[in-house]
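Biologist: Please take me through the features of this model one at a time, with the general idea ahead of each case.

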Amino acid sequence: MTDKHLFQRTTLNRLSLKNRLLVAPMTRISASVDGVPGERMQQYYQRFAQGGFAAVISEGLYIDEAWSQTYAFQAGLANRKQAIGWRSVTDSVHQHGGKIIAQLMHAGALSQGNIYRPETLAPSAIRPRGEQLSFYHGHGAYRLPEAMSEAQIQQVIDDFAESAARAIGSAGFDGIEIHGANGYLLDQFFTDYTNQRRDSWGGDLLARLGLTLAVIAAVRARIGQDVTLGIRLSQGKVNDFQHKWAGGEASARQVFARLATSGVDYLHLTEYDALQPAFADSPLSLVQIARAAAPGLPVMANGSLGDAETAGMALHQGAEYVAVGKSALANPDLPLRIRQGLPLREFDKNLLVPSADVKNSELQA
Ligand SMILES: Cc1cc2nc3c(=O)[nH]c(=O)nc-3n(C[C@H](O)[C@H](O)[C@H](O)COP(=O)(O)O)c2cc1C
């Protein structure tokens, strides 16, 4: 697959994208204590637009003033003040020729820094595996969460929808991505060992996908048919990297086929290496499985695709878009570099510092 394909202009729902390269969502914990983004976040996001990315997906943003906040200094979209803070970021990205999609998330049991509530909620009262992320100022075991009531579940569905409306309305985002990946609340409902519910939100694979589907439907109803909406899924979790979906390829096919009729415009799949086989029982990557099971649903691939060659291979496997994380931190101008045939800067783990400070990459510019 040639660079030409990577640089084709495309349309995702009504969103016009100048190429197929997006910046993957990356938590920056650089907002004010009450979750409002400021100038350094504006500069951080603006650089990717200047660097030629078609769009940036925001860091995961919390959706309510209750249980959804995951990390201290995480940015939110839970109130008007936060939305207005985002307006200067989205304006700046637009002025530099880019687009920006809001990633909405709820921490569930993985909340480790919440200014609103100390307790955590989850599908079932099961302590999460692993330990809080010290990288994001946590330490020790996760709290034992409370099992959510039906009213709390309905509230979460409403909060995703309200937050999405705020993102598209006052905050000026161009689309919404629902964070169903990496071990947070929607993934906790989806995962067999964290969801032991006996009501309709638990049970088999598609029942456990039920909250994700309900959130998609509510967000779609709130933002209308014409606004771009995606869902992000993963196998691995921030607190359980090696997790694989039970049922292998067959279960993945079932999930992707169901999502094809859910109302989303794209399926964002993240794996450690997106090009590798997803399961021991199949030679296919998750991208290839999705392409076969849901041929009409555009796939965005993520995971170790940070150069022209690997990104091109993901398109060759059937992805329509490629989201780049760490390589975009090292190369905020990755698309321009690829186009001009310039060498890419090596990723340095110091760049991982969860901060919107741009000085690391500026030092290398
Ligand atoms: C510092 C950092 C923060 C991240 N925060 C998020 C996040 O807020 N939401 C999310 O869905 N993924 C998050 N991720 C995962 C990335 O989007 C991406 O899946 C991962 O970096 C692998 O892609 P890469 O190989 O291109 O870096 C984060 C990754 C990093 C390195």
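Modeller: Start with burial: a residue is buried under 20% relative accessible area, exposed over 50% and partly exposed in between, using a 1.4 Å probe and protein chains only. This is a predicted model, in which local features need pLDDT of at least 70 and side-chain atom pairs count only at pLDDT 80 or more, while totals for chains, interfaces and linings use all residues. Residues are numbered from 1 along each chain as its sequence is written, and side-chain values use heavy atoms, without hydrogens or water.

Biologist: Is Leu110 buried or exposed?

Modeller: Leu110 counts as buried because its relative accessibility is 2%. Leu110 sits in the loop between strand 5 and strand 6 (121–122); strands (E, at least two residues) and helices (H or I, at least four) are DSSP runs numbered from the N terminus. Thr70 is 40 residues from Leu110 along the chain, and their C-alpha atoms are 6.6 Å apart.

Biologist: How far apart in space are Tyr184 and Pro298?

Modeller: Their C-alpha atoms are separated by 23 Å, with the two positions 114 residues apart in sequence. Tyr184 belongs to the loop between strand 8 and helix 5 and is buried, at 5% relative accessible area.

Biologist: How should I read the sign of phi?

Modeller: Most residues other than glycine have a negative phi. Asn182 departs from that sign, with a positive phi of about 60 degrees. Asn182 lies in the loop between strand 8 and helix 5 (185–190) and is buried, at a relative accessible area of 17%. Asn13 also has a positive phi, about 55 degrees.

Biologist: Where does Asn13 lie, and how accessible is Asn13?

Modeller: The loop between strand 1 (10–12) and strand 2 (15–17) holds Asn13. With a relative accessible area of 24%, Asn13 is partly exposed.

Biologist: Now strand pairing. How many bridges join strand 4 to strand 5?

Modeller: Two strands pair if DSSP finds at least two bridges between them. Strand 4 (residues 55–62) and strand 5 run parallel and are joined by six bridges. Tyr62 is opposite Met105, and Ala55 is opposite Lys99. Between these strands the chain passes through helix 3 (residues 80–95), in a right-handed β-α-β crossover; right-handed means that, with the strands pointing away from the viewer, the path from the first strand over the helix to the second runs clockwise.

Biologist: What else pairs with these strands?

Modeller: On strand 4, two bridges link the parallel strand 3 (residues 21–23), where Leu22 faces Ala55. On strand 5, four bridges link the parallel strand 8 (residues 175–179), with Leu104 opposite Ile178.

Biologist: Why is strand 5 described as largely enclosed?

Modeller: Six of the seven residues of strand 5 (residues 99–105) are buried, so the rest of the structure largely encloses it. Strand 4 has eight of its eight residues buried, so strand 4 is largely enclosed too.

Biologist: Which way do the side chains of strand 11 point?

Modeller: In a regular strand the side chains alternate between the two faces of the sheet. In strand 11 (residues 299–302), Val299 and Ala301 point one way, Met300 and Asn302 point the other way, and all are buried. Strand 10 (residues 266–270) runs parallel to strand 11 over four bridges, and Leu269 has Ala301 as its bridge partner. The connection from strand 10 to strand 11 goes through helix 9 (residues 286–293) as a right-handed β-α-β crossover.

Biologist: What follows strand 11 in the next β-α-β unit?

Modeller: Helix 10 (residues 308–316) and strand 12 complete that right-handed unit. Strand 12 (residues 321–324) pairs with strand 11 in the parallel sense over three bridges, and Asn302 is opposite Ala323.

Biologist: How is empty space found, and what does the second largest cavity look like?

Modeller: Rolling a probe the size of a water molecule over the atoms shows where empty space is left. Here a cavity is a set of points, on a 1 Å grid over the protein atoms alone, where a 1.4 Å probe fits but cannot get out, and lining residues have an atom within 4 Å of a point. The second largest cavity is lined by 16 residues, with Pro128, Gly183, Gln188, Thr194 and Asn239 nearest its centre.

Biologist: Which part of the chain does the UniProt domain annotation cover?

Modeller: The unreviewed UniProt entry annotates residues 6–344 as "domain: NADH:flavin oxidoreductase/NADH oxidase N-terminal"; such annotations may be inferred rather than shown by experiment, and positions are in the numbering used here, with feature names shortened. In the model this span is 34% helix and 16% strand, and its end C-alpha atoms lie 16 Å apart.

Definitions and conventions
1 Å grid on protein atoms, 1.4 Å probe; cavity = no way out; pocket = protein on both sides within 12 Å on 5 of 7 lines; lining within 4 Å.
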